[in-house]
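Below are some numbered remarks on the model you asked me to look over, set out so that each can be checked against the coordinates.

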Amino acid sequence: MNQAQFATGQCRCGQITISISDAPVLSSQCHCKDCQRLSGTGHFSLAFFDESSVTISGQATGYTVTTDRGNRNTRYFCPKCGSRMYGINTGRPGKVAIPVGILDDNSWYEPDVVVYTRQRESWDITRTDIPNFEEMPPIPPQTS
Ligand SMILES: [Zn+2]
Ligand SMILES: [Zn+2]
C-alpha cells in the first residue's frame, strides 16, 4: 500500500501537491537577494531531498536564473496562487529544494547552515550557533 511518508505539502490553492518519502539530506536558510525577492521577506528556509523521494502533482511554472557559481537554478511556483513550490539546481544534481513553509507539518525543520549572510539584513535575525557562510559554501562530497 502506501509508502511511509516523511512529509506532505501543497500550494495555497491546492492545485499542486507534494509528497516526500524520506528525510532531507541537507537543510539551509538562504539570505541571498534572489530568495529575498522571491519570498518577499528576509530569507527562505529550505530542505533538500533526493529527487527519488519527492512526488509532485499539478502544474507548476518554472523561472530559471544563472547563479553566481554559473549553475542554472530553476524555481517553480504555482501559476494560479503564486506559492513558491520547489527548486532544481544544476549544481546539485538529483536534489530538490523545498521551501518548508509549503509543508503541512514543518515542525521537524532545523537548518544545518545559514548561507549568503553577506546579503542578510540586520533586521532579519537568525541563528549564529550553526555554521554561517557569507556566500554559498563548497558543496560537501557525496557520501553513499
Ligand atoms: Zn496554487
Ligand atoms: Zn537564496
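**Notes on the predicted model**

1. In this predicted model, an open sheet is built from 3 strands in the order 1-2-5, with antiparallel pairing. Strand 1 and strand 5 are the edge strands, each of them pairing on one side only, and from one strand to the next the twist averages 15°.

2. On one side of strand 2 (residues 17–20), strand 1 (residues 7–10) runs antiparallel to strand 2 and is joined to strand 2 by 4 bridges; within this pair, glycine 9 stands opposite isoleucine 18. The hairpin of strand 1 and strand 2 has 6 residues between the strands, and in this hairpin glycine 14 takes a positive phi near 90°.

3. The pairing of strand 2 with strand 5 (residues 54–57) is likewise antiparallel and is made by 4 bridges. Two of the facing positions can be named: threonine 17 has serine 57 as its bridge partner in strand 5, and serine 19 stands opposite threonine 55.

4. Which side chains of strand 2 are buried, and which are not? In a regular strand the side chains alternate between the two faces of the sheet. Strand 2 shows such an alternation, with Ile18 and Ile20 pointing to one face, where they are buried, while Thr17 and Ser19 point to the other and are not buried.

5. The largest nonpolar core has 24 residues, of which Cys30, Leu46, Met85, Tyr86 and Ile98 touch the most other members. Two or more residues each are given to this core by strand 2, strand 4 (44–50), strand 8 and strand 9 (95–99), and strand 4 gives the most, with 4 residues.

6. Methionine 85 deserves a separate entry. Once its neighbours within four places in sequence are left aside, methionine 85 is in contact with Cys11, Ile16, Ile18, Ala60, Tyr76, Phe77, Cys78 and Ile102. One of these partners, Ile18, is also one of the buried side chains of strand 2, and Ile18 is the residue that glycine 9 stands opposite.

7. Glycine 82 lies in the loop between strand 7 (72–77) and strand 8 (84–89). Is glycine 82 buried or exposed? Only 12 or fewer other C-beta atoms within 10 Å are allowed for an exposed residue, and glycine 82 has 11 within that distance, so glycine 82 is exposed. The C-alpha atom of glycine 82 is separated by 8.1 Å from that of cysteine 11, although the two residues are 71 residues apart along the chain.

8. Taken as a whole, the chain has 1 helix and 10 strands, which follow one another along the sequence in the pattern β-β-β-α-β-β-β-β-β-β-β. The radius of gyration is 15 Å, close to the 15 Å that the globule rule gives for 144 residues, so the chain is as compact as a globular protein of that length. Along the principal axes, the C-alpha atoms fill a box of roughly 45 × 35 × 30 Å.

9. Two totals complete the note. Buried residues make up 27% of the 144 residues in the chain, and, among the contacts with a separation of 6 or more, 53% are accounted for by residues 24 or more positions apart.

Key
Residues numbered from 1 in each chain as written. Chains lettered and ligands numbered in written order. Predicted model: local features only at pLDDT ≥ 70, side-chain atom pairs only at ≥ 80, totals over all residues. Buried ≥ 20, exposed ≤ 12 C-beta atoms within 10 Å, placed from the backbone. Pairing = 2+ DSSP bridges. Axes fitted to C-alpha atoms, helices over the stretch in contact; angles between N-to-C directions. Rg over C-alpha atoms; globule rule 2.2 N^0.38 Å. Contact = placed C-beta atoms within 7 Å. Core = buried A, V, L, I, M, F, W, Y, C linked by C-beta atoms within 7 Å.
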